[in-house]
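Subject: Structure for you to look at

Hi,

Here is the structure I promised to pass on. Have a look at it when you get a moment, and my notes are underneath.

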Amino acid sequence: MSTDKSDEEDTTLALEDDTSPAGWANMLKLGLGSSAQAKVANRYTYVGKLGKGGMGEVLEVVDSHMQRTVALKRMVGDRGMEHRFLQEARVTGRLDHPNIVPIYDLEVARDGRIGYAMKLVEGWTLGDLIDDGSDPLSTRLEHFLKVCDAMSYSHDRGVLHRDLKPDNIMVGPFGGVYVMDWGLARLLDAVDLPLSGPAGGSATQTLAGELVGTPAYMAPEQTRSSKVSPSADLYSLGVIIYEMLSGRLPFEGETADVLIKKCMEMAPPLPAMGGIDNLAMRLIERDPLDRYQTAAETVQVIDGMLSEADIPTI
């Protein structure tokens, strides 16, 4: 795994704990309390930077307490987003499922920024595997089944992901599949926290403005409102399986606006998938009532497909 160590010194300093009055005030404001003070500088040793998103960056670090390598996601940029970042940590932390990345601990740095340690998942994104295209169909369906099972669990506990896409799903070298990046997750019974950023942008990048999600994978109803039902996640699953089976997206456009217009007005092409096309096409129906109604129902359909001896080798 390639890492960027150009900012190692600054990162190590930023991982120190904050004992200043301002730091404590920030912790209390977030509802963390004094017990959240962990001696971060003594615990984590910086290895490299793994990636960066809209709210945070992910570092590879060594946890000296547990003597293992973990991923540490810490907030960067707008401090006004800290409550949403904290919600991401707490929402993900309450989801205990083998196909959802586990959270280990919540930390507060010297400068008051919050972060959380989680399992370091090595391997490939599902997007990498789709681009490679060498996995047999049965393997692709098994990966997809695990993602659907994770979402069935998540929905049962009242949590929507809202940004499901191949780049937010990791596949490990031993077959482990993990749904990652719950930064836009929403509790069904909770009020949406405010977001910042423009509504426009790339069709395949996450938006966190008036629109919430990644346009190429967003359900039509999600392009109109961030307050959606689990069916919006099912639509995203449909786009993913469509792409896994056909190698392309059902709708394409250079900008978010162009893609959303196609999604709202056009029917996607029907790919030849050896009879499995019905699964994808049902999930990406424009009307939520025409889709499978739960992720659990989708799991049952895929289980039935995997039990068939004549799965096409496409």
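First thing I wanted to know: what percentage of the 314 residues in the protein is buried? It comes to 52%. Keep in mind that this is a predicted model. The protein exposes about 14200 Å², and carbon and sulfur atoms account for 50% of that. As for secondary structure, there are 10 helices and 12 strands. If you take the contacts between residues at least 6 apart in sequence, 62% of them join residues at least 24 apart.

**Confidence**

The mean pLDDT is 79, with 75% of the residues at 70 or more. Strand S9 (residues 177-179) has the highest confidence, at 98, while helix H1 (residues 8-14) has the lowest, at a mean of 39. Two stretches deserve some caution. Residues 1-39 stay under 50 in pLDDT, and the model has 80 contacts beyond four places in sequence for them. Residues 193-201 also stay under 50, with 26 such contacts. Where pLDDT is low, the predicted coordinates shouldn't be read in detail.

**The sheet**

Now for the part I spent most time on. There's an open sheet of 5 strands, ordered S1-S2-S3-S5-S4, with antiparallel pairing. Strand S1 (44-52) and strand S4 (103-108) sit at the edges, each pairing on one side only. On average, neighbouring strands in this sheet are turned by 25° against each other, ignoring direction.

Strand S5 (residues 114-118) is worth following through the sheet. It is joined to strand S3 (residues 68-75) by 4 bridges, the two running antiparallel, and Leu72 has Ala117 in S5 as its bridge partner. S4 and S5 are also antiparallel, joined by 5 bridges; here Glu107 has Gly115 in S5 as its bridge partner. S4 and S5 form a hairpin with 5 residues between the strands, where Gly112 takes a positive phi near 90°.

Helix H4 (residues 82-93) lies across strand S2 (56-63), S3, S4 and S5, and runs at about 20° to S5.

**A two-sided helix**

Further along the chain, have a look at helix H8 (residues 256-265). Its buried residues include Ala256, Leu259, Ile260 and Cys263. These four cover an arc of only 100° around the axis, so they are on the same side of H8. The general background is that an α-helix has 3.6 residues a turn, so residues three or four places apart point the same way. On the face of H8 turned away from the buried side you'll find Asp257, Lys261 and Glu265, which are exposed.

**Two backbone oddities**

Which residues have a positive phi although they are not glycines? Arg162 is one of them, with a phi of about 75°. You'll find Arg162 in the loop between strand S7 (159-160) and strand S8 (169-171). Arg162 counts as buried because its relative accessibility is 2%, and the cut-off for buried is under 20%.

Asp181 is another, at about 50°. Asp181 is in the loop between S9 and strand S10 (186-187). With a relative accessible area of 33%, Asp181 is partly exposed.

That's what I have so far. Happy to talk it through whenever suits.

Cheers

Methods:
Residues numbered from 1 in each chain as written. Predicted model: local features only at pLDDT ≥ 70, side-chain atom pairs only at ≥ 80, totals over all residues. Heavy atoms only, no water. Pairing = 2+ DSSP bridges. Axes fitted to C-alpha atoms, helices over the stretch in contact; angles between N-to-C directions. Contact = heavy atoms within 4.5 Å. Buried < 20%, exposed > 50% of the residue type's maximum accessible area, 1.4 Å probe, protein only. Arc of directions from axis to C-beta. Areas by Shrake-Rupley, 256 points an atom, 1.4 Å probe, with all protein chains shown as cover. pLDDT = per-residue confidence, 0-100.
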